[in-house]
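Please take the sequence and the model together, and follow the explanation with both in view. The text moves from the whole chain to a few of its strands.

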Amino acid sequence: MSRQRFEDKVIIVTGAAQGIGRGVALQVAAEGAKVVMADYSEYVEDVLAEIKAADGEAITIRADLETFAGAESVVAKAIEVYGRVDILINNVGGAIWMKPFVEFSPEEIEKEVSRSLFPTMWCCRAVLPEMLKNKAGVIVNVSSIATCGINRIPYSASKGGVNTLTKSLAFCHAKDGIRVNAVATGGTEAPPRKVPRNSTPLTDNEKQWMQEVVDQTIDRTFVGRYGTIQEQVNAILFLASDDASYINGTVVPVGGGDQG
C-alpha cells in the first residue's frame, strides 16, 4: 500500500487536539495531506507543531463544532487557505457520563446529544455544498460500537444517529461522487485526556458504573482487550483513501470482534 495515499488532498480533521483525532491528523499529514485541524482546545496547536516539525503541512482553527456556525467556519477556512475540501473526518464526540439512564437529568441528556451527534451533523451539512460543487468528496464519521451498550444510553442514541446519518448521506449523494462511511470504534487505550469531558470528580457509584462499561467492553470483544489509537486510525484512513473507492454507506466496527 502506498504511504502517500493523501498527497495534496485537503483534509479536515475535527477533534484533532488529542486521542484518535490527533492520530488521524498526524498520519494523514505524514501521507502528504494538507490538514485543517479543528478543535475547541488550544492543545491543537501542539499537534500543529508536531506536523510542522516533520515537514508536514497543516493549519488549525479553533471552533465550537456543537454549532453550525462553528462548522461553517472550519469549511470556510479550508477553502480560504487551500481552495477546496477533499475529505472530512468527523472525530468529535464521546460519552460525558456513564450511568444508568434514570440517573441522567434532562440537561445532561441534551449535552450528550449536543456533544456526540451535532458536531458530525453540522460538519457534514457545512461541507456538503463544497463537495456537491466539486462533484467529489469523502466523509468518514467516527461512531462507536456502544450503540448497543450499558450506562451511556444518550451517547448510544447519538452514535446511532451518526450511523443513520452516514447511510442516508451516502444513499442520497453517491450520484454526486460523494462517499460517506463510518468507523464504529471499540474500547480504545489512550493517554489521559488533556481536556476531560467531565471535570467533576466521580462518586463511588459513578466509578462502579464506569467499571461496568469497561467490563462489558472487554467481555464482548473477541480478542479480550482494548484497541490502540493506531488500530482505529488505520481503519479510518482506509475508508478515507481511494483504497476504499467501492465502499459507501457502510459502518465498519473496529472493536476486536464486537459488532455493536
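What follows describes the protein as a whole and then turns to a group of paired strands.

The model is a predicted one, and in it the protein has 8 helices and 7 strands. With 260 residues, a compact globule would be expected to have a radius of gyration near 18 Å, and the protein agrees with this because its own value is 18 Å. Along the principal axes, the C-alpha atoms fill a box of roughly 50 × 35 × 35 Å. Of the 260 residues, 50% count as buried, where buried stands for a relative accessible area under 20%. Among the contacts with a separation of 6 or more, 72% are between residues that lie 24 or more positions apart.

The outside of the protein can be described by area and by charge. About 12000 Å² is exposed, and carbon and sulfur atoms supply 54% of that area. There are 26 positive and 32 negative side chains, and the centres of these two sets lie 4 Å apart.

Within this fold, strand E5, which spans residues 137–144, is a useful place to begin. Because 8 of its 8 residues are buried, E5 is largely enclosed by the rest of the structure. In a regular strand the side chains alternate between the two faces of the sheet. In E5, one side carries Gly137, Ile139, Asn141 and Ser143, the other carries Val138, Val140, Val142 and Ser144, and all of these residues are buried, so that both faces are covered.

E5 has strand partners that can be traced residue by residue. Strand E6, residues 178–185, pairs with E5 in the parallel sense over 8 bridges, and within this pairing Val142 stands opposite Val183 of E6. Strand E4, residues 87–90, also runs parallel to E5 and is joined to it by 4 bridges. Here Ile87 stands opposite Val138 in E5, while Asn90 has Asn141 of E5 as its bridge partner.

What is the situation of the residues that point one way and the other way from E4? Ile87 and Ile89 point one way, Leu88 and Asn90 point the other way, and all are buried. E4 in turn is joined by 3 bridges to strand E1, residues 10–14, and these two strands run parallel; in this pairing, Ile89 of E4 is the bridge partner of Val13. Read as a chain of pairings, the path goes from E1 to E4, from E4 to E5 and from E5 to E6.

Methods:
Residues numbered from 1 in each chain as written. Predicted model: local features only at pLDDT ≥ 70, side-chain atom pairs only at ≥ 80, totals over all residues. Heavy atoms only, no water. Rg over C-alpha atoms; globule rule 2.2 N^0.38 Å. Buried < 20%, exposed > 50% of the residue type's maximum accessible area, 1.4 Å probe, protein only. Contact = heavy atoms within 4.5 Å. Areas by Shrake-Rupley, 256 points an atom, 1.4 Å probe, with all protein chains shown as cover. Lys, Arg positive; Asp, Glu negative; His and termini not counted. Charge placed at Lys NZ, Arg CZ, Asp CG, Glu CD. Pairing = 2+ DSSP bridges.
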